[in-house]
Amino acid sequence: MQMSDVIADMLTRIRNANDAKHATVDIPASNMKKSIADILVEEGYVKGYQVIEDGKQGVIRVTLKYTASKQKVIRGIRRVSKPGLRIYAGYEDMPKVMNGLGIAIVSTSKGIMTDKKARATKIGGEVLAFVW
(Lines give C-alpha, C1' and ligand atoms only; values in the text may rest on other atoms or scores of the structure.)
Protein backbone atom coordinates (compact mmCIF):
# COMPACT_ATOMS: atom_id res chain seq x y z
CA MET A 1 0.00 0.00 0.00
CA GLN A 2 1.28 3.43 -0.96
CA MET A 3 1.55 5.90 1.91
CA SER A 4 0.31 9.40 1.04
CA ASP A 5 2.07 11.45 3.73
CA VAL A 6 5.47 10.08 4.75
CA ILE A 7 6.38 13.12 6.88
CA ALA A 8 3.22 12.75 8.98
CA ASP A 9 4.12 9.07 9.40
CA MET A 10 7.61 10.03 10.63
CA LEU A 11 6.25 12.59 13.11
CA THR A 12 3.61 10.15 14.37
CA ARG A 13 6.23 7.43 14.92
CA ILE A 14 8.37 9.87 16.91
CA ARG A 15 5.36 11.12 18.92
CA ASN A 16 4.17 7.58 19.75
CA ALA A 17 7.64 6.31 20.72
CA ASN A 18 8.16 9.44 22.83
CA ASP A 19 4.83 8.94 24.64
CA ALA A 20 5.69 5.28 25.29
CA LYS A 21 9.16 6.35 26.56
CA HIS A 22 11.07 4.19 24.04
CA ALA A 23 14.81 4.75 23.66
CA THR A 24 14.80 4.59 19.82
CA VAL A 25 12.34 4.56 16.94
CA ASP A 26 12.87 3.17 13.42
CA ILE A 27 11.60 5.15 10.41
CA PRO A 28 11.89 4.24 6.70
CA ALA A 29 14.64 6.46 5.25
CA SER A 30 14.46 9.26 2.69
CA ASN A 31 16.54 12.39 2.14
CA MET A 32 13.76 14.68 3.42
CA LYS A 33 13.39 12.63 6.62
CA LYS A 34 17.18 12.76 7.14
CA SER A 35 17.02 16.56 6.84
CA ILE A 36 14.20 16.72 9.40
CA ALA A 37 16.16 14.42 11.73
CA ASP A 38 19.21 16.72 11.30
CA ILE A 39 17.12 19.69 12.45
CA LEU A 40 15.75 17.77 15.45
CA VAL A 41 19.34 16.89 16.49
CA GLU A 42 20.63 20.47 15.95
CA GLU A 43 17.79 21.96 18.01
CA GLY A 44 18.31 19.43 20.82
CA TYR A 45 14.98 17.58 20.58
CA VAL A 46 16.58 14.15 19.95
CA LYS A 47 20.01 12.74 20.89
CA GLY A 48 20.89 11.60 17.40
CA TYR A 49 20.11 9.28 14.52
CA GLN A 50 21.85 6.75 12.35
CA VAL A 51 21.01 5.40 8.91
CA ILE A 52 20.92 1.61 8.71
CA GLU A 53 21.21 0.12 5.23
CA ASP A 54 18.87 -2.83 4.67
CA GLY A 55 19.34 -3.40 0.94
CA LYS A 56 16.15 -1.46 0.10
CA GLN A 57 15.57 2.16 1.07
CA GLY A 58 17.22 1.98 4.48
CA VAL A 59 16.03 2.81 7.99
CA ILE A 60 16.63 5.88 10.13
CA ARG A 61 17.01 4.93 13.80
CA VAL A 62 16.28 8.03 15.88
CA THR A 63 17.51 8.03 19.51
CA LEU A 64 14.99 9.94 21.61
CA LYS A 65 16.01 12.33 24.38
CA TYR A 66 14.60 12.61 27.91
CA THR A 67 15.48 14.82 30.89
CA ALA A 68 17.21 13.49 34.02
CA SER A 69 13.79 12.97 35.64
CA LYS A 70 12.54 10.94 32.61
CA GLN A 71 10.43 13.81 31.25
CA LYS A 72 9.95 14.09 27.48
CA VAL A 73 12.05 16.72 25.70
CA ILE A 74 9.57 16.85 22.79
CA ARG A 75 6.38 18.18 24.40
CA GLY A 76 4.49 18.25 21.11
CA ILE A 77 5.03 17.62 17.42
CA ARG A 78 2.42 18.50 14.78
CA ARG A 79 2.17 18.31 11.00
CA VAL A 80 1.10 21.65 9.52
CA SER A 81 1.15 21.43 5.71
CA LYS A 82 -0.66 18.29 4.52
CA PRO A 83 -1.00 16.80 1.02
CA GLY A 84 -4.64 17.97 0.90
CA LEU A 85 -3.89 21.49 2.16
CA ARG A 86 -0.44 22.93 1.64
CA ILE A 87 0.57 25.82 3.93
CA TYR A 88 3.14 28.32 2.63
CA ALA A 89 4.59 31.37 4.36
CA GLY A 90 6.86 34.20 3.33
CA TYR A 91 9.76 35.03 5.62
CA GLU A 92 7.91 38.10 6.99
CA ASP A 93 4.92 36.08 8.20
CA MET A 94 6.74 32.88 9.19
CA PRO A 95 4.86 31.42 12.19
CA LYS A 96 6.44 31.52 15.66
CA VAL A 97 5.83 28.34 17.65
CA MET A 98 5.00 28.97 21.34
CA ASN A 99 6.31 32.57 21.00
CA GLY A 100 9.74 31.34 19.88
CA LEU A 101 10.10 28.49 22.41
CA GLY A 102 9.41 25.86 19.73
CA ILE A 103 10.47 25.55 16.10
CA ALA A 104 8.72 25.37 12.77
CA ILE A 105 10.35 23.10 10.18
CA VAL A 106 10.17 24.77 6.76
CA SER A 107 10.89 23.37 3.29
CA THR A 108 12.50 26.14 1.21
CA SER A 109 14.22 26.38 -2.14
CA LYS A 110 17.52 26.26 -0.20
CA GLY A 111 16.58 23.04 1.64
CA ILE A 112 14.80 22.17 4.86
CA MET A 113 15.48 24.57 7.75
CA THR A 114 13.98 26.05 10.90
CA ASP A 115 11.77 29.13 10.92
CA LYS A 116 14.55 31.17 12.57
CA LYS A 117 17.05 30.33 9.83
CA ALA A 118 14.44 31.00 7.12
CA ARG A 119 13.77 34.46 8.63
CA ALA A 120 17.53 35.15 8.86
CA THR A 121 18.13 34.20 5.21
CA LYS A 122 14.93 36.05 4.15
CA ILE A 123 13.40 33.05 2.41
CA GLY A 124 9.89 31.61 2.64
CA GLY A 125 8.54 28.15 1.94
CA GLU A 126 6.21 25.34 2.93
CA VAL A 127 5.66 25.02 6.70
CA LEU A 128 6.03 21.26 7.29
CA ALA A 129 5.73 20.85 11.06
CA PHE A 130 5.78 22.46 14.51
CA VAL A 131 7.92 21.02 17.32
CA TRP A 132 7.85 22.27 20.91
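Colleague: Let's start with Val-51: which residue in strand 3 is its bridge partner?
Modeller: In this predicted model, Val-51 is bridged to Ile-60 of strand 3. Val-46 has a place in the ladder as well, standing opposite Leu-64 in strand 3.

Colleague: How do you know that strand 2 and strand 3 count as a pair?
Modeller: Let's count bridges. Pairing asks for at least two bridges between the strands, and strand 2 (residues 46-52) is joined to strand 3 by 6 of them, running antiparallel. The count meets the rule, so the two strands pair. Their hairpin has 6 residues between the strands, and there Gly-55 takes a positive phi near 90°.

Colleague: What makes strand 1 and strand 2 edge strands?
Modeller: Look at the open sheet of 3 strands, whose order is 1-3-2 with antiparallel pairing. Strand 1 and strand 2 each pair on one side only, and that puts them at the edges. On average, neighbouring strands here are turned by 20° against each other, direction ignored.

Colleague: Which strands of this sheet does helix 1 touch?
Modeller: Helix 1 packs on the sheet against strand 1 and strand 3, with its direction at about 165° to that of strand 1. Helix 2 lies across strand 1, strand 2 and strand 3, at about 155° to strand 2.

Colleague: Why is Asn-18 called buried?
Modeller: Buried means under 20% relative accessible area. Asn-18 has 3%, so the label fits. Asn-18 lies in helix 1. Not counting residues up to four places away in sequence, Asn-18 touches Leu-64, Tyr-66, Lys-72 and Ile-74.

Colleague: How do you know that helix 1 has about the expected length for a helix?
Modeller: Helix 1 has 14 residues and spans 20 Å from its first C-alpha to its last. At 1.5 Å a residue, 20 Å is what one expects, so the two values are close. Just after helix 1 comes Lys-21, with a positive phi near 60°.

Colleague: And what makes up the largest nonpolar core?
Modeller: That core has 26 residues, and those with the most contacts inside it include Ile-14, Leu-40 and Ile-105. Helix 1, helix 2 and strand 3 are among the elements giving two or more residues to it, and helix 1 gives the most, with 5 residues. Nonpolar side chains tend to be buried together in soluble globular proteins.

Colleague: What does Leu-40 contact, leaving aside its neighbours within four places in sequence?
Modeller: Leu-40 is in contact with Ile-14, Tyr-45, Val-46, Ile-105 and Val-131. Apart from this core lies another, of 11 residues, among them Ala-89 and Phe-130.

Terms used
Residues are numbered from 1 along each chain as its sequence is written. This is a predicted model: local features need pLDDT of at least 70, side-chain atom pairs count only at pLDDT 80 or more; totals for chains, interfaces and linings use all residues. Side-chain values use heavy atoms; hydrogens and water are left out. A nonpolar core is a set of buried Ala, Val, Leu, Ile, Met, Phe, Trp, Tyr and Cys residues joined through side-chain atoms within 4.5 Å. Buried means under 20% relative accessible area, exposed over 50%, partly exposed in between (1.4 Å probe, protein chains only). Helices (H or I, at least four residues) and strands (E, at least two) are DSSP runs, numbered from the N terminus. Contact means heavy atoms within 4.5 Å. Axes are lines fitted to C-alpha atoms, for helices over the stretch in contact, and angles run from 0 to 180 degrees between N-to-C directions.
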